[in-house]
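Trainee: I'd like to learn how to read a model like this one, feature by feature. Can we go through it together?

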Amino acid sequence: MGSLAPILLGEFLAALTRCTPPSGWPIQSKIAVANSGGPDSTCLLFLLAKVVADLETTTQRRPPLPVSVVSLYVDHKLQTASTEMAARASANAASLGVEHHTLGIPWGVAPFPPKPTMGAFEKIAREARYKVIFDAMTHTGTTIVAFGHHADDQVETSLMRLARGSTKIGAAGMRRCRRWGMGSGNSESALGWVGHHGLDRFIVRPLLNFGKDRILATCEANGLDYIDDPTNFQPELTLRNAVRHMINSKRFNDPVRSDEACLTPGSPVFLEKIRDASSFLQSTVSEVDGVEERLRCAIQKLATSAEDIDDQVTLHLKECALPSPTGTLLLSSSKLSDITNHDVRFAMILRIMRYVSFHPWGSLRADGDRRQSGIHRIAKFLWTADPQAAQIKKFTAGGGVLWTPAIFNPSKPLRVGNQCLQLPLRSDDQFCWLASRIPPFFKNPQEGAGSAARLTVELTEQLRTAMNSDMPTEPFEVLYDCRFLLRIDTNKMPEDVKFSLSHDKTISVRIVSFTDYYWPKVVLQRESHPDMVLGAPSKKGTAEMKDSPPWISMQWVRVLDAT
């Protein structure tokens with residue numbers, strides 16, 4: 001089959017199946033498509049609609065895939081072609097019988113900033129687009145959105161990451177399936193923030209193994225109309241465009257002139273690094289001809305290797321992890337020593353940090369900003385042959401995670417702290433490392449994500465408002481420290497708590513932290529009286545209530561999988 005052959009439905013179905021979320025496709029679900037009206041998303045929308053339609057008529061056992069498609073177009077209103085592109089996206093969806101929504105960005109309405117200028121729009125426009133898509137997914141009842149990124153986009157991503165110093169894992173590029181995550185920022189007022197709801201949403205990219213040429217061939221073979229976004233071909237707008245321009249013009253062997261008018265400020269130096277990254281990637285393959293094909297092949301190999309590393313990390317975590325308090329990970333030092341591959345160690349540390357951190361799940365900060373120096377320091381200590389002999393005390397190296405020596409014995413309480421370095425290991429004892437949340441910062445208690453202030457959450461007025469409502473109120477949720485989710489049902493609030501809140505204006509109900517692991521507990525506070533605990537997690541991490549039926553529930557929300 002030539003490189004310009006259209007994508008066959010069977011090929012696409014296989015690619016879509018490889019994008020399956022960790023818990024499988026939701027039953028009777030719909031999948032959203034980020035539809036720009038361009039060739040990539042037009043091709044994706046067409047193939048998804050065809051797969052869904054064909055599966056409806058099949059007489060064979062239906063695979064567990066989405067049963068309907070919804071098209072989402074985001075109109076940024078940042079370019080003159082936006083109206084035409086919106087019309088094309090809508091028309092394409094209509095021709096396929098697909099539900100479609102055109103979504104505007106309310107620039108200047110919180111949390112959206114004022115409409116950006118062309119000189120600084122890329123990052124802001126992306127965050128705004130993602131926010132609008134996420135909200136539209138909620139409105140349309142979808143938990144999965146498909147993006148039209150393809151193999152050539154993957155090449156650009158990989159080259160840019162390598163040019164910025166990424167590891168081979170980062171150079172593998174975009175994942176076929178990734179969890180949306182909690183977003184950026186630490187509060188609902190941040191544009192990129194979505195909170196715990198982002199842990200149940202997924203982005204899939206079924207076209208990652210197909211090149212742009214085959215996407216265009218698919219559009220041509222099926223008579224699909226599309227509009228090319230003119231800004232994608234203007235290298236002076238963004239670094240990605242400049243990289244795309246370099247690839248498309250086959251200029252990897254030409255010197256980059258610093259005075260070229262078509263380049264953004266600072267891009268000549270970056271493009272020189274892109275050239276070096278390209279040379280490195282091409283040197284890893286020899287079985288194909290042509291720069292583009294060698295780059296695609298090299299990155300597909302990296303992506304396959306990254307998926308294998310993810311699988312290895314999952315297996316090693318099952319072998320290394322021992323029972324530990326909620327929100328922590330206890331790792332057997334002897335089992336860790338079985339892991340000799342440095343890339344697997346690197347990926348394992350990142351996954352643990354993402355699980356334990358108080359930074360938003362999926363954010364760069366939860367990964368310790370991926371600083372290699374910090375991750376290498378963690379790896380050096382965790383994989384020291386005899387930590388007790390080396391006297392490695394508890395330490396932190398980014399991501400909001402504290403690593404503490406511990407001794408585990410299945411028949412004894414867990415011992416944690418630097419004193420474990422001095423204790424002899426007896427029968428059934430295992431030396432371990434406990435990963436947990438770092439203590440809050442007290443120097444600037446009102447500042448920063450790691451401050452002590454964020455561990456106290458006021459609930460009083462919210463509870464009083466709900467109590468005074470004439471109608472039954474829906475339970476409300478509080479994401480505590482980006483780690484625990486509390487659900488509070490005021491309809492089941494005990495009468496004594498209601499009475500206290502109604503008659504004593506000095507009373508406060510707050511979420512505060514307790515234990516060395518900074519778990520949440522809900523307390524009623526009154527001057528000159530000890531705190532009354534209304535709800536707190538048990539050792540198993542579930543809520544222990546002072547009343548029945550329970551009106552406060554708590555659960556740990558962070559996940560340990562590779563998405």
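**Reading the model**

Mentor: Sure. Of the 563 residues in the chain, buried ones make up 52%. Keep in mind that this is a predicted model.

Trainee: How many helices and strands does the chain have?

Mentor: The secondary structure comes to 16 helices and 20 strands. As for contacts with a separation of 6 or more, 66% of them join residues 24 or more positions apart.

Trainee: Let's go inside, then. Which residues touch the most other members of the largest nonpolar core?

Mentor: A nonpolar core is a set of buried residues joined through side-chain atoms. Here the largest one has 65 residues, and those touching the most other members are Leu-336, Ile-352, Trp-403, Leu-459, Leu-463 and Val-522. Helix α12, residues 342-356, gives the most to this core, with 10 residues. There's also a second, separate core of 32 residues, which includes Ile-7, Trp-25, Leu-65 and Val-98.

Trainee: Which residues does Val-522 touch?

Mentor: Leaving out residues up to four places away in sequence, Val-522 touches Leu-459, Leu-486, Val-509, Arg-510, Ile-511, Met-532, Val-533, Leu-534, Gly-535, Ile-552 and Met-554. Now look at the strands: Val-522 stands opposite Gly-535 in β18.

Trainee: In what sense do β17 and β18 pair?

Mentor: Strand β17 (residues 519-525) and strand β18 (residues 532-537) are antiparallel, paired over three bridges. The two form a hairpin with six residues between them, and in the turn Ser-528 has a positive phi of about 65°.

Trainee: Why pick out a positive phi?

Mentor: Because most residues other than glycine have a negative phi. Two more cases here are worth a look. Thr-515, not a glycine, has a positive phi of about 70°, and Thr-515 lies in the loop between β16 (508-514) and β17. Gln-391 isn't a glycine either, yet its phi is positive, about 55°; the loop holding Gln-391 runs between α14 (387-390) and β9 (395-396).

Trainee: Why do Thr-515 and Gln-391 count as partly exposed?

Mentor: The class in between runs from 20% to 50% relative accessible area. Thr-515 has 35%, so it is partly exposed. Gln-391 has 33% relative accessibility, so it gets that label too.

Trainee: And is Asp-489 buried or exposed?

Mentor: Buried means under 20%. Asp-489 has 14% relative accessibility, so it counts as buried. You'll find Asp-489 in the loop between β15 (484-488) and α16 (495-503). Asp-489 and Pro-475 are 14 residues apart in sequence, yet 4.2 Å apart in space, C-alpha to C-alpha. Not counting residues up to four places away in sequence, Asp-489 touches Pro-475 and Trp-551.

Trainee: What about peptide bonds: where is Pro-111, and is the bond from Ala-110 cis or trans?

Mentor: Most peptide bonds are trans. The one from Ala-110 to Pro-111 is cis, with omega near 10°. Pro-111 sits in the loop between β3 (99-104) and α4.

Trainee: Last topic, pockets. What is the volume of the second largest pocket?

Mentor: Rolling a probe the size of a water molecule over the atoms shows where empty space is left. The second largest pocket comes to about 600 Å³. It is lined by 24 residues, and the closest to its centre are Glu-188, Trp-193, Glu-477, Val-478 and Leu-479. The elements giving two or more residues to the lining are α4 (122-140), β13 (457-458) and β14 (476-480). By class, the lining has nine nonpolar, seven polar and eight charged residues.

Conventions:
Residues are numbered from 1 along each chain as its sequence is written. This is a predicted model: local features need pLDDT of at least 70, side-chain atom pairs count only at pLDDT 80 or more; totals for chains, interfaces and linings use all residues. Side-chain values use heavy atoms; hydrogens and water are left out. Two strands pair if DSSP finds at least two bridges between them. Helices (H or I, at least four residues) and strands (E, at least two) are DSSP runs, numbered from the N terminus. On a 1 Å grid over the protein atoms alone, a cavity is a set of points where a 1.4 Å probe fits but cannot get out, and a pocket is an open set with protein on both sides within 12 Å along at least five of seven lines; lining residues have an atom within 4 Å of a point. Grid points are joined across faces, edges and corners, and a volume is the space filled by probe spheres set on the points. Ala, Val, Leu, Ile, Met, Phe, Trp, Tyr, Cys and Pro count as nonpolar, Asp, Glu, Lys and Arg as charged, and the others, Gly among them, as polar. Buried means under 20% relative accessible area, exposed over 50%, partly exposed in between (1.4 Å probe, protein chains only). A nonpolar core is a set of buried Ala, Val, Leu, Ile, Met, Phe, Trp, Tyr and Cys residues joined through side-chain atoms within 4.5 Å. Contact means heavy atoms within 4.5 Å.
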